[in-house]
Amino acid sequence: MIDTSDFLRYSRQMALDSIGVEGQLLIKNAKVLVIGAGGLGSPILTYLATCGVGNLAVVDFDVIEEHNLHRQILFTPKNIGIAKTAIAKQQIHKLNPNIVFTAYNEKLTIENIENLFRNYDYIIDGSDNFQTRYLVNDYCVKLNKTLIYGTILGFQGQLAVFNHNKSKNLRDLFPEPPNESDVPNCSLNGVLGTFPGVIGTMMAQEALKVIIGLPHLTNQLLIIDTLHWEVQKLSF
């Protein structure tokens, strides 16, 4: 049910003909789990919370370090040494105290993934390694969960929606993960602080479109080169 506070807070997005009361109710009733509270997870969590996703959660096991601060916008220097999930919970509650926000301070593993995924309909993968990405994908397929997928490397980002309404999944595009030693992470390759915000916000946008039922990526991989502002959409 949409109440008076919802109308006051979300009136600008509800003014869109493609959203309205019905779309906002879908957002309010959505159950979304975000993997990772880092560079991608920070903007994803921020925007999904402010847009009114009614049941939002994050799973992460890291603590905040100084080198995180240039891109992980949920955190401040005072938070160094504290669990990311603890600060994320505080910050999201400040942004929107009217939603249910759950923070799981644990590493996602094959032992706990089914239990964590069980209560959510949409999974958003903001992880930074292929082992986790394929684990998340495979269990989304197994449990029939929609997956919003995004990655960054250097100045290039990728975005896709997997396993939604019987659409294809990550292994249909890339059957096996690459050798991790062949793909450096941001600690080795570097990342401009704004870039995770660009891709993370796009992931949040795509997640909301899927929730509402608006046109979204289907069996397509969006590749964004932010150095030259070149965009490709590949079908698979």
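A salt bridge here is a side-chain nitrogen of Lys or Arg within 4 Å of a carboxyl oxygen of Asp or Glu. The model looked at here is a predicted one, and by that rule its salt bridges come to seven.

Take Lys28 to start with. Its side chain pairs up with that of Asp3, with 3.9 Å from N to O. Lys28 sits in helix H2 (residues 20-29), while Asp3 is in the segment before helix H1 (4-14), so this salt bridge ties together parts of the chain that are 25 residues apart in sequence. As for how much of each residue is open to the outside, Lys28 counts as partly exposed because its relative accessibility is 26%. Asp3 also falls in the partly exposed class, since its relative accessibility is 32%.

Lys28 has another partner, too. The side chains of Lys28 and Asp6 form a salt bridge at 2.7 Å, again N to O. This one links distant parts of the chain as well, with Lys28 in helix H2 and Asp6 in helix H1, 22 residues apart. Is Asp6 buried or exposed? Asp6 is buried, because its relative accessible area is 8% and the cut-off for buried is under 20%.

Next comes the pair made by Lys84 and Asp62, whose side chains meet in a salt bridge of 4.0 Å, N to O. Lys84 belongs to helix H4 (residues 84-95) and Asp62 to the loop between strand S2 (55-60) and H4, so the contact ties together parts that are 22 residues apart in sequence. Lys84 counts as buried, because its relative accessibility is 4%. Asp62, with a relative accessible area of 33%, is partly exposed. Going back to the pairs of Lys28, salt bridges with shared partners join Asp3, Asp6 and Lys28 into one network.

Now for the pockets. The second largest pocket has a volume of about 210 Å³. Its lining is made up of 14 residues, and the ones nearest the centre are Gln13, Ile19, Cys51, Gln205 and Leu208. Which helices each supply at least two residues of this lining? They are helix H3 (41-51) and helix H9 (195-212). H9 gives the largest share, namely six residues. Sorted by class, the lining of this second largest pocket has nine nonpolar residues, four polar ones and one charged one.

The surface has something to show as well. Phe155, Leu192 and Leu227 make a nonpolar surface patch of about 290 Å². One of these, Leu227, lies in the loop between strand S7 (220-225) and strand S8 (230-235). Leu227 is partly exposed, because its relative accessible area is 49%; anything over 50% would count as exposed.

Another member of the patch, Leu192, can be set against Asp172. These two are 20 residues apart in sequence, and their C-alpha atoms are 30 Å apart in space. Asp172 is found in helix H7 (residues 170-173). With a relative accessible area of 45%, Asp172 is partly exposed.

Terms used:
Residues are numbered from 1 along each chain as its sequence is written. This is a predicted model: local features need pLDDT of at least 70, side-chain atom pairs count only at pLDDT 80 or more; totals for chains, interfaces and linings use all residues. Side-chain values use heavy atoms; hydrogens and water are left out. Patches are made of residues with over 30% relative accessible area and no salt bridge: like charges are joined within 9 Å, nonpolar side chains (Val, Leu, Ile, Met, Phe, Trp, Tyr) within 5 Å. Accessible areas come from the Shrake-Rupley method with a 1.4 Å probe; for residues, only the protein chains shown count as cover. Helices (H or I, at least four residues) and strands (E, at least two) are DSSP runs, numbered from the N terminus. Buried means under 20% relative accessible area, exposed over 50%, partly exposed in between (1.4 Å probe, protein chains only). On a 1 Å grid over the protein atoms alone, a cavity is a set of points where a 1.4 Å probe fits but cannot get out, and a pocket is an open set with protein on both sides within 12 Å along at least five of seven lines; lining residues have an atom within 4 Å of a point. Grid points are joined across faces, edges and corners, and a volume is the space filled by probe spheres set on the points. Ala, Val, Leu, Ile, Met, Phe, Trp, Tyr, Cys and Pro count as nonpolar, Asp, Glu, Lys and Arg as charged, and the others, Gly among them, as polar.
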